[in-house]
Amino acid sequence: MKRGRPRPSIQDIADATGVSITTVSHALNGKGRVQAETRERVLRVADELGYTANVHAQRLATGRNRMLALQVSGSGKRMLASDSSYYVDVLDSAAAAALDAGYTPVIVPARLPERAVEALAVEGAIVIDPRGDEPLLRVVRDRGGLAVTAGRVLRDGEGWGSVDNDHRRLTRDALDHLLERGYRRPALLTGTAARSFAADAAAEYRAWAAEHGLPPIVVTVRAAPSASAAFAAAGKLLDRPDRPDAVYASFDVFALGVLRAAAARGLRVPKDVGIVATVDGEGLRGAVPPVSAFDLHPSRIGKQTVATLVRMLEQDAPAEAVVVPAQLRPRESTERG
């Protein structure tokens, strides 16, 4: 049986560059006193040879397990994420980025028993849409570890890095878009204010409504984002005596819930009810009618959370708050004409 070529080793890089194995190791791992020119040459040759680090050997040599915990806050006991495609996209990209950086991602259900969380041997954690009271964050902090959140921790979040969109700006952009399309009584359908995206959206929505002399109409979904929860909440919103003529929904599944609830009541979208979603997804693009939504770039958010955490772990970089821009994608759900 024909065998493939052996995987390049550190010795191969040392032979090709004319430096010691120790120098190669330091250059590859960003450690030791290696001249910039030498480090650049080692990295270039490693890339040319197709060298990939042996993660298991690195763990033995450094005493680090190189494992990162990934978690969607508030998901069910056996669920890794809710119905929203946003969480799936962030998780997928974060897991891939962790592997690319030489770390093993461990996806942790939010309702894992606390004793099981304490048994996890991870170097750092990434929590998506945190409340701030997650056992995973507490355990990491107690051990002196590091964490980055997708979305900010509103309370006791000092020391954590974060990656997020500017949800106050998105809320104002969505409401201005609805106003420009002829809607005069927009409502907000959102999640619990314990999470930063919901708190930011609610604060900006109320400020915008006050500026325009409108009474605020806010319905909060306190359960994890799901089709059933969204349909029930949207029904309550559309059954109000002061029924809104438009809805800004914080999730793709919330917007789909509004679509279903409107159809069940004989209301037409966009003529009777306009809809804008914070989170875009295939379900919204393929809906009838297609729903206007923001592209939050969840894959970029997932990659950036890992990049930020790895810098904190390996370069002793300070925690930072990274803002990822988003773009509104107008579709038929707001084309009132």
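## Charges over rings

R66 lies over the face of Y103, 4.2 Å from the ring centre. A charge counts as sitting over a ring when NZ of Lys or CZ of Arg is within 6 Å of the ring centre and within 35 degrees of the ring normal. R260 does likewise with F231: its charged end sits over that ring, 4.2 Å from the centre.

Please keep in mind that this is a predicted model, where local features need pLDDT of at least 70, side-chain atom pairs count only at pLDDT 80 or more, and totals for chains, interfaces and linings use all residues. Residues are numbered from 1 along each chain as its sequence is written, and side-chain values use heavy atoms, with hydrogens and water left out.

## Aromatic pairs

How many aromatic pairs does a search of the whole structure find? There are five (rings of Phe, Tyr and Trp, the last by its six-membered ring, with centres within 6.5 Å; planes under 30 degrees apart are stacked, over 60 edge-to-face, the rest tilted).

One of them is Y87 with F251, a tilted pair at 5.8 Å centre to centre and 40° between the planes. This pair links distant parts of the chain, 164 residues apart: Y87 is in helix α5 (residues 85-100), and F251 is in the loop between β8 (246-249) and α11 (252-264). Helices (H or I, at least four residues) and strands (E, at least two) are DSSP runs, numbered from the N terminus.

## Burial and the cluster

Y87 is buried at 2% relative accessible area, and F251 is buried at 3%. Buried means under 20%, exposed over 50%, and partly exposed in between (1.4 Å probe, protein chains only).

Y87 and F251 also belong to one aromatic cluster with Y86, F197 and F254.
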